[in-house]
Amino acid sequence: MNQALDQGSRLSFKDFERLSRFIHTNFGIKLPRSKHTMLQSRLSKRLRVLGMHDFSQYCDYVLCPEGMEAELVHMVDVVTTNKTEFFRERASLDRFVGLALPSLLREGKVGGTNRLRVWSAGCSTGEEPYTIAMLLMEKGFCDGWDVEIIGSDINQKVLSSARRGVYKRSSFRCTEEALVSKYFEEESPGSFKISDGVKKYVSFSYLNLFDPYKLSFLKDFDVIFCRNVIIYFDQASRKKLVETFYAKLASSGYLLLGHSESLLNLTTSFRLVHLKNDMVYQKPAIVPAASPAAGK
């Protein structure tokens, strides 16, 4: 594998289908033929790194057990899309603060748990889970509460960036300057590091949303954010993922999707909460079954 990549090499449709089937089977991401040029362009960098001369050789390598173990993480890093910003899609954040939180916090205080668990699925470079933490702090919801925010992604590169918590000015296009000054420190010209006060509420984990073993460790979330993620999956994968979210939510928990996403034709398990020009999905409250003795 010392040959340089042949500049005339192209990803054949046969090899594209091999790779797209593999990606779909393992990660639920559907790559239509319109993504052929994108996949060729992004994977060409991996061929150069590996010293391979064509895509057929790369396919043979990544689909064999040895290559799969070594290359899978790198391949996922180049095929996934990771566009995000702080306080992006403010409408869904307003739903979180205006509806979900007051409801959950009332129930928590009544139940005496004082616990709030939030999952940011597909968190990319961390802007979303850190935004959630800042919102909670701004509203005073962290005071006296056990708050845990988990961000997950299948891209190791973006997770590393999220854990560092250092961002360029472009990440703040939707953020008020007062919040930048309050929760970030300018580490170098144009680079801002998030404060430890925000970081302490957030942890990051590598997670394939279709890995049943890893998913078995997650449960009882009060809110799940999965914004602009399911649009990359086909219908069957979307249904499977939504079923997973339903199972991982606690009773009366909320699922928040992106502005262009809905559960239409995917499930009827969630309760649809209508707001002005908007909607939220809630898992119905689970009422404990009465014991036989209670009916006597």
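**Sheet, helices and cysteines**

Author: β3 and β5 run antiparallel and are joined by three bridges, and this description, like the rest of what follows, concerns a predicted model. In this pairing, Tyr167 has Phe192 in β5 as its bridge partner.

Reader: What makes β3 and β5 count as paired strands?

Author: Pairing requires at least two bridges between the strands, and the three bridges that join β3 to β5 satisfy that requirement. The antiparallel pair formed by β4 (residues 184–188) and β5 (residues 191–194) meets the requirement as well, with four bridges. Within that pair, Ser188 stands opposite Ser191 in β5, and the two strands form a hairpin with two residues between them, where Gly190 in the turn has a positive phi of about 85°.

Reader: Why are β3 and β4 said to stand at the edges of the sheet?

Author: The sheet is an open one of three strands, in the order β3-β5-β4, with antiparallel pairing. β3 (166–168) and β4 each have a single partner strand, so each is left with one side that has no neighbour in the sheet. From one strand to the next, the twist averages 40°.

Reader: Turning to the helices, why are α3 and α4 described by the term they carry for their relative direction?

Author: The axes of α3 (residues 55–62) and α4 (residues 65–79) come within 8 Å and cross at roughly 115°. Angles of 65 to 115 degrees count as roughly perpendicular, and α3 and α4 are therefore given that description. The contact brings Tyr58, Tyr61 and Val62 of α3 together with Gly67, Met68, Ala70, Glu71 and Met75 of α4, and by class it has six nonpolar residues, one polar and one charged.

Reader: How do you know which term applies to α1 and α4?

Author: Here the packing angle is about 95°, with the axes 12 Å apart. That angle falls in the range of 65 to 115 degrees, and α1 and α4 are therefore roughly perpendicular to each other. Leu19, Phe22, Ile23 and Phe27 of α1 make the contact with Met68, Leu72, Met75, Val76 and Val79 of α4, a set in which nine residues are nonpolar, with no polar and no charged residues.

Reader: What makes α3 a mostly covered helix?

Author: Six of the eight residues in α3 are buried, where buried means under 20% relative accessible area. These are Phe55, Gln57, Tyr58, Cys59, Tyr61 and Val62, and the elements that cover them include α1 (13–27), α2 (36–50) and α4.

Reader: How do you know how many disulfides there are?

Author: A disulfide is counted when two cysteine sulfur atoms lie within 2.5 Å, and by this rule the count comes to zero. The sulfur of Cys59 has its closest cysteine sulfur in Cys64, at 11 Å, which is too far for a bond. Cys226 is likewise in no disulfide, the nearest cysteine sulfur being that of Cys123, 11 Å away. Cys59 has a relative accessibility of 0% and therefore counts as buried, and Cys226, at 0%, counts as buried too.

Reader: What is noteworthy about the phi of Glu89, and is Glu89 buried or exposed?

Author: Most residues other than glycine have a negative phi, whereas the phi of Glu89 is positive, near 50°. Glu89 lies in the loop between α4 and α5 (90–111), and its relative accessibility of 17% is under the 20% cut-off, so Glu89 counts as buried.

Reader: Where is Ser252 placed, and why is Ser252 assigned to its accessibility class?

Author: Ser252 is in strand β8 (residues 249–257) and, although not a glycine, has a positive phi of about 70°. A relative accessibility of 6% is under the 20% cut-off, and Ser252 therefore counts as buried.

Reader: Why is Leu272 put in its accessibility class?

Author: The partly exposed class lies between the buried limit of 20% and the exposed limit of 50%, and Leu272, with a relative accessible area of 35%, therefore belongs to it. Leu272 lies in strand β9 (residues 271–275) and, leaving aside residues up to four places away in sequence, touches Met279, Val280 and Tyr281. The C-alpha atom of Leu272 is separated by 15 Å from that of Val223, which is 49 residues away along the chain.

Note on methods. Residues numbered from 1 in each chain as written. Predicted model: local features only at pLDDT ≥ 70, side-chain atom pairs only at ≥ 80, totals over all residues. Heavy atoms only, no water. Axes fitted to C-alpha atoms, helices over the stretch in contact; angles between N-to-C directions. Parallel < 35°, antiparallel > 145°, perpendicular 65-115°, else oblique. Contact = heavy atoms within 4.5 Å. Nonpolar A, V, L, I, M, F, W, Y, C, P; charged D, E, K, R; others polar. Buried < 20%, exposed > 50% of the residue type's maximum accessible area, 1.4 Å probe, protein only.
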